[in-house]
Amino acid sequence: MAKRQFLIVGNWKMYPQTRKEASTIFGKLAPRGRTFGRARVVVALPYPYLALFRRTKTIALGAQDVFWVPEGSFTGEVSGPMLRSFNVRYVIIGHSERRIHLGETDDMVAKKLQYALSARLRPIVCVGETKRDADGAFFAILKRQVESAFAKVRRREARRAIIAYEPVWAIGSGRPAHPKDAAEAALFIKKILADRYGVGIVRKILVLYGGSVDAQNAAAFLAEREIGGLLVGRGSRKPKEFLEIIKCVRSVS
Ligand code: PGA
């Protein structure tokens, strides 16, 4: 069987405060000639920093949000063509912090997903429950989030979407999900998409895990076959830690 490939995404969120600090971190991640083997690495940066760095052969650039039309009177928003003109390939959509602090709804997430795909970006759609109950009601939340995000997406385009399973309670808490539970959620997400688009989609679609990933636990998530990579917040802003996380792909078969 072909060796698995992984996608490791760093989400810098609204850090660091200065361009100088951003350059230092990026510089440590991407010295000339560095390769990451079976890991495709993306860093999702605050908008101003996207203009600062060039994607390298091994590190692709990602944004943390995108609006749903190419241009217009939408103060403060940024569009797909703008991102593409800075060589941005990936975009995070519907992160729980945007859902919580900026009131982003399932409907907005759906518009952004559909638009990002049509703008030839690779969207990373975040879904995840706020709490885990013993009865498994969180499965219904995941189902609603996934179904509504993909409501208007056609099969051919759906294949290019990436989904990040990020339980909200695990983000920034130092309490990651159990890798088996994350794998179960990833399988469940694939099942929802298979019901909608046919089982063929399962081989194409990538589901990442995110929420308190660090160099100690990354390998255990990657070892789960349903998990195609990681979305890393805090750990991605510490170059040494992020490089250790990326290195974990080597130990996974
Ligand atoms: P964390 O964040 O790794 O700091 O928990 C993950 C995320 O919010 O994407």
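Guide: A residue counts as buried under 20% relative accessible area, as exposed over 50%, and as partly exposed in between. The model discussed here is predicted.

Visitor: Is Lys143 buried, partly exposed or exposed?

Guide: The relative accessibility of Lys143 is 37%. Because partly exposed covers what falls between the limits of 20% and 50%, Lys143 counts as partly exposed.

Visitor: With which residue does Lys143 meet in a salt bridge?

Guide: The pairing lies within helix H6, which spans residues 138-149. Lys143 and its partner stand four residues apart there, about one turn of the helix. The partner is itself partly exposed, at 39% relative accessible area. With 3.2 Å from N to O, the side chain that meets Lys143 is that of Glu147.

Visitor: Are Arg99 and Asp106 buried or exposed?

Guide: The side chains of Arg99 and Asp106 form a salt bridge, 2.8 Å from N to O. Arg99 has a relative accessible area of 15%, and Asp106 has one of 18%. Since the limit for this class is under 20%, Arg99 is buried and Asp106 is likewise buried.

Visitor: How far apart are the closest N and O atoms of Lys247 and Glu244?

Guide: Lys247 and Glu244 belong to helix H11 (residues 239-247), where three residues, about one helical turn, separate them. Lys247 is partly exposed at 41% relative accessibility, and Glu244 is partly exposed at 36%. Their salt bridge has its closest N and O atoms at a separation of 3.5 Å.

Visitor: Which residues are joined into one network by salt bridges that share partners?

Guide: The count of salt bridges in this model comes to 14. Shared partners link some of these residues into one network, formed by Asp65, Arg98, Glu104 and Lys112.

Visitor: Which residues come nearest to the ligand?

Guide: The shell around the ligand has four nonpolar, six polar and three charged residues. Of these 13 residues, the ones that come nearest are Lys13, His95, Glu166, Gly172 and Ser212.

Visitor: How much of the accessible area of the ligand does the protein cover?

Guide: Polar atoms of the protein approach oxygen of the ligand from both side chain and backbone: a side-chain atom of His95 lies at 2.7 Å, and a backbone atom of Gly172 is also at 2.7 Å. A backbone N or O atom of Arg234 lies 2.9 Å from a ligand oxygen. On its own the ligand has 280 Å² of accessible area, and the share covered by the protein is 98%.

Notes:
Residues are numbered from 1 along each chain as its sequence is written. This is a predicted model: local features need pLDDT of at least 70, side-chain atom pairs count only at pLDDT 80 or more; totals for chains, interfaces and linings use all residues. Side-chain values use heavy atoms; hydrogens and water are left out. A residue is near a molecule or strand if one of its heavy atoms lies within 4 Å of it. A polar contact is a pair of N or O atoms within 3.5 Å; within protein, one must be able to donate a hydrogen and the other to accept it, and residues adjacent in sequence count only if both atoms are side-chain atoms. Accessible areas come from the Shrake-Rupley method with a 1.4 Å probe; for residues, only the protein chains shown count as cover. Ala, Val, Leu, Ile, Met, Phe, Trp, Tyr, Cys and Pro count as nonpolar, Asp, Glu, Lys and Arg as charged, and the others, Gly among them, as polar. A salt bridge is a side-chain nitrogen of Lys or Arg within 4 Å of a carboxyl oxygen of Asp or Glu. Buried means under 20% relative accessible area, exposed over 50%, partly exposed in between (1.4 Å probe, protein chains only). Helices (H or I, at least four residues) and strands (E, at least two) are DSSP runs, numbered from the N terminus.
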